[in-house]
Amino acid sequence: MSLSGLIRALPKAELHLHIEGTLTPERMWSLAQRHGITLPYESVDAITDAYQFSDLQSFLDLYYQGADVLRDEQDFYLLMQDYLASCNAQNIVHAEIMFDPQTHTKRGVGFDVFMPGFLKALEEAKQMWGITSTLIMCFLRDLPESDAFDTLAQAEPWYEHITAVGLDSAEVGNPPEKFTDVFAQARARGFKCVAHAGEEGPPEYIVQALDVLHVNRIDHGVKCELAPALMARLRDKQIALTVCPQSNLKLCVIDDMAQHNILRLLDAGLLVTVNADDPSYFDGDLVANFMALERELGMTAAQLRQLVINGFTGSFLPEAVKARHIASVNSVFEMAG
Ligand SMILES: Nc1ncnc2[nH]cnc12
Ligand SMILES: [Zn+2]
């Protein structure tokens, strides 16, 4: 089987995916029509054409604007359903899905609107396709820590459906230590923790995420290469990095995919995984991200195998379930010869 055939056929996990970043231009258009919202675009194509970014902030501005079409439970159900249908098409069997409550609550759209929509679609995908999932509730780091505390309190009726808390949005100038207390409270309430760190920000933010927030894994983390001692620590402790190659290209973290360090980090023994981040905005789902690694970086079959296995190893699944998925990955390779 060709490498592209394997990429498609392998059962995969996705660990770094913002559900608001899966809003397709078509769905944005249809929801805007449904709610009588006038978008600042003339057509679906004009939405896609606007997705040219110079850095993280230039993307976040459009991403938060796009989310404004999400108004009622059905919108959030359709958003999640679209993503899960794409998981089924890509053979993603397990997804750890981030959502940004504050993007919605600050517009008057509460947990009682988006959570039922999400949960209905997740349950249907489990029944129809056997796709398992966890939800990661992210705090927006450009807002004060007190807002994150409010969000943690508002989420209380939904805790049983949320596995982890995360930290996203504008990184530089909003270090992990700004959220020390709310992460401590989230940990005390039994949540796992993740944080975006070392996407645009310095390696010190990765160190803070580990030492101050006590995260279980790092989202992005590609800037760790600038700090050899940190790289050694990530390798020795096998802390998962949820790397998003196409996102890094689109947000100008790198100028060219050929410069991406993901395979160097993998070959150095770090637990790196491949993820889409915001597939609708970055022109690439999980399969497309793997394809780019084959095309632009010459990823080998052995590297592909390790990256896909790492996706399960780095997940929040129980160990026995991880082992079952990893065995299926290995059996696809054995059948492919
Ligand atoms: N790549 C990213 N970095 C920070 N915050 C985000 N929110 C959605 N995508 C993000
Ligand atoms: Zn992200």
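This passage describes the strand order, the helical crossovers and the ligand surroundings of a predicted model.

According to the UniProt record, an unreviewed entry, residues 11–329 are listed as "domain: Adenosine deaminase". In the model, 50% of this span is helix and 14% is strand. The C-alpha atoms at the two ends of residues 11–329 lie 6 Å apart.

The strands considered here belong to one open sheet of eight, arranged in the order 1-2-3-4-5-6-7-8 with parallel pairing. Strand 1, covering residues 12–18, and strand 8, covering residues 272–274, form the edges of the sheet, and each of them pairs on one side only. From one strand to the next, the twist averages 25 degrees.

Several neighbouring pairs within the sheet can be described individually. Strand 3 (residues 132–140) is joined to strand 4 (residues 164–168) in the parallel sense by five bridges. Within this pair, Cys138 is placed opposite Gly166 of strand 4. Strand 5 and strand 6 are likewise parallel, with four bridges between them, and Ala195 stands opposite Ile218 in strand 6. Between strand 5 and strand 6 the chain passes through helix 10, and the resulting β-α-β crossover is right-handed. Helix 10, residues 203–211, lies across both strand 5 (192–197) and strand 6 (217–220), and runs at about 170 degrees to strand 5.

The next step along the sheet is made by strand 6 and strand 7 (residues 240–243), which pair in the parallel sense over three bridges. Here Arg217 has Ala240, in strand 7, as its bridge partner. Helix 11, residues 228–237, connects with these two strands to make a β-α-β unit that is also right-handed. As a general principle, the side chains of a regular strand alternate between the two faces of the sheet.

The surroundings of ligand 1 complete the description. The ligand is surrounded by His18, Gly21, Leu56, Tyr63, Asp168, Ser169, His196, Glu199, Ser247, Asp277 and Asp278. By character, this shell divides into four charged, five polar and two nonpolar residues. Some members of the shell also belong to strands of the sheet: His18 falls within strand 1 (12–18), Asp168 within strand 4 (residues 164–168), and His196 within strand 5 (192–197).

Key: Residues numbered from 1 in each chain as written. Chains lettered and ligands numbered in written order. Predicted model: local features only at pLDDT ≥ 70, side-chain atom pairs only at ≥ 80, totals over all residues. Near = placed C-beta within 6 Å. Nonpolar A, V, L, I, M, F, W, Y, C, P; charged D, E, K, R; others polar. Pairing = 2+ DSSP bridges. Axes fitted to C-alpha atoms, helices over the stretch in contact; angles between N-to-C directions. Contact = placed C-beta atoms within 7 Å. Right-handed = clockwise from strand over helix to strand, strands pointing away. UniProt positions renumbered as here; feature names shortened; annotations may be inferred.
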